[in-house]
Amino acid sequence: MSANSALFGASLVNTLNGIYTRQIRMGYLIEQLPDPDNRVELSETLKDNLGLPRPKLTYRVREDYVRNAFVSAKDISTKLFDALDAREYTKAPPAPVFYGDKSQVTSNNFEYQGHNFTFYGAGHIVGTYRMGDCRDTSVVNPRQQSWDHSNLFLVGSGVFPTVATGNPTLTLAALAFQAADHVLEDLKIS
């Protein structure tokens, strides 16, 4: 049993304040390169309650550029803790769980240069449809207008080729205003 397990009242509050006000948590934002093999497709086997195919996500962190950033971030964290003469409580993540041919990871853990790392998403849902100048390699044109249906505009972060390290809100707003201008322009012509 921990020495602090019998604490209550002011003694508990003072102890917790003494511990938690002296802690820091570090996290790092790491830019990823676009990966053409990361994708969202429709599952061929899994269906939702309406009988529609569920999404099938393929996502990997496999570029050395990104993986080296994890190594550098961990190295900097350790050096900072050492410089502060602080105790580091970072727990090593578990080893990744593989299936099939071991090219697919079933968790947000990966192993690189003998170390296990964990990555977390920022909650920015991006990708799934590409904006471009050619209908053969993109879903929407630079106006965010579908190549196949001229009255369909796909406005949102789906056009982003990768997740940036910053919040996408201002870029999304700019894209929305731009698409609205194009829609208004089209309405004036017809």
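**Note on the predicted model: salt bridges, cores and surface**

1. A search of the whole structure turns up 6 salt bridges. The structure is a predicted model, and every remark below should be read with that in mind. Side chains of opposite charge can pair when their charged atoms come close.

2. One of the salt bridges joins Asp148 to Arg135, with N and O 2.8 Å apart. Both residues belong to the loop between β6 (115-118) and α3 (169-189), so this pair ties together parts that are 13 residues apart in sequence. How open to the surface are the partners? Asp148 counts as exposed because its relative accessibility is 59%, a value that lies over the 50% cut-off. Arg135, at 46%, is partly exposed.

3. Arg143 takes part in a salt bridge with Glu185, and the closest N and O atoms of this pair are 3.8 Å apart. The two residues link distant parts of the chain: Arg143 sits in the loop between β6 and α3, Glu185 sits in helix α3, and 42 residues separate them. Glu185 has a relative accessibility of 43% and therefore counts as partly exposed.

4. Arg143 also meets Asp186 in a salt bridge, at 2.9 Å from N to O. Here again the loop between β6 and α3 is tied to helix α3, because Arg143 lies in the former and Asp186 in the latter, 43 residues apart in sequence. Asp186 is partly exposed, with a relative accessibility of 25%. Through shared partners, salt bridges join Arg143, Glu185 and Asp186 into one network.

5. Which residues make up the largest nonpolar core? It has 7 residues in all: Val61, Val66, Phe70, Phe110, Tyr112, Phe117 and Phe119. Helix α2 (64-84) and strand β5 (109-112) each supply at least two residues of this core. Apart from it lies another core, of 5 residues, which include Val140, Val159, Phe160 and Leu175. In soluble globular proteins, nonpolar side chains tend to be buried together.

6. Phe117, a member of the largest core, deserves a separate entry. Leaving aside neighbours within four places in sequence, Phe117 is in contact with Phe70, Val71, Lys74, Pro93, Asn108, Asn109, Phe110 and Tyr112. Of these contacts, Phe70, Phe110 and Tyr112 are also listed in the core.

7. The whole structure holds 4 aromatic pairs. One of them is formed by Phe110 and Phe119, with 6.2 Å from centre to centre and 40 degrees between the planes, and it is classed as tilted. Are these two residues buried or exposed? Both Phe110 and Phe119 are buried. Together with Phe70 and Phe117, they form one aromatic cluster. The four members of that cluster are also found in the largest nonpolar core.

8. On the surface, Ile24, Met26, Tyr28, Ile76, Leu80 and Leu84 make a nonpolar patch of about 540 Å². Ile24 comes from the loop between α1 (9-20) and β1 (39-47) and is exposed, with a relative accessible area of 54%. Leu80 comes from helix α2 and is partly exposed, at 39% relative accessibility. Which residues does Leu80 touch, leaving aside its neighbours within four places in sequence? The contacts are Met26 and Tyr28, both of which belong to the patch.

9. Two residues have backbone angles to check. Phi of Thr128 is near 95 degrees, a positive value in a residue other than glycine. Gln144 is likewise not a glycine, and has a positive phi near 70 degrees. Thr128 is placed in the loop between β6 and α3, and Gln144 is found in the loop between β6 and α3 as well. Their surroundings can be told apart by accessibility: Thr128 is exposed, at 61%, whereas Gln144 is buried, with a relative accessible area of 0%.

10. The loop between β6 and α3 comes up in several of these points. Asp148 and Arg135 pair within it, and Arg143 in this loop pairs with Glu185 in helix α3. The positive phi values of Thr128 and Gln144 belong to residues of the loop too.

Definitions and conventions: Residues numbered from 1 in each chain as written. Predicted model: local features only at pLDDT ≥ 70, side-chain atom pairs only at ≥ 80, totals over all residues. Heavy atoms only, no water. Salt bridge = Lys/Arg side-chain N within 4 Å of Asp/Glu carboxyl O. Helix = DSSP H or I, 4+ residues; strand = E, 2+ residues; numbered from the N terminus. Buried < 20%, exposed > 50% of the residue type's maximum accessible area, 1.4 Å probe, protein only. Patch = residues over 30% accessible without salt bridge, like charges linked within 9 Å, V, L, I, M, F, W, Y side chains within 5 Å. Areas by Shrake-Rupley, 256 points an atom, 1.4 Å probe, with all protein chains shown as cover. Core = buried A, V, L, I, M, F, W, Y, C linked by side-chain atoms within 4.5 Å. Contact = heavy atoms within 4.5 Å. Phe/Tyr/Trp six-rings, centres within 6.5 Å; stacked < 30°, edge-to-face > 60°.
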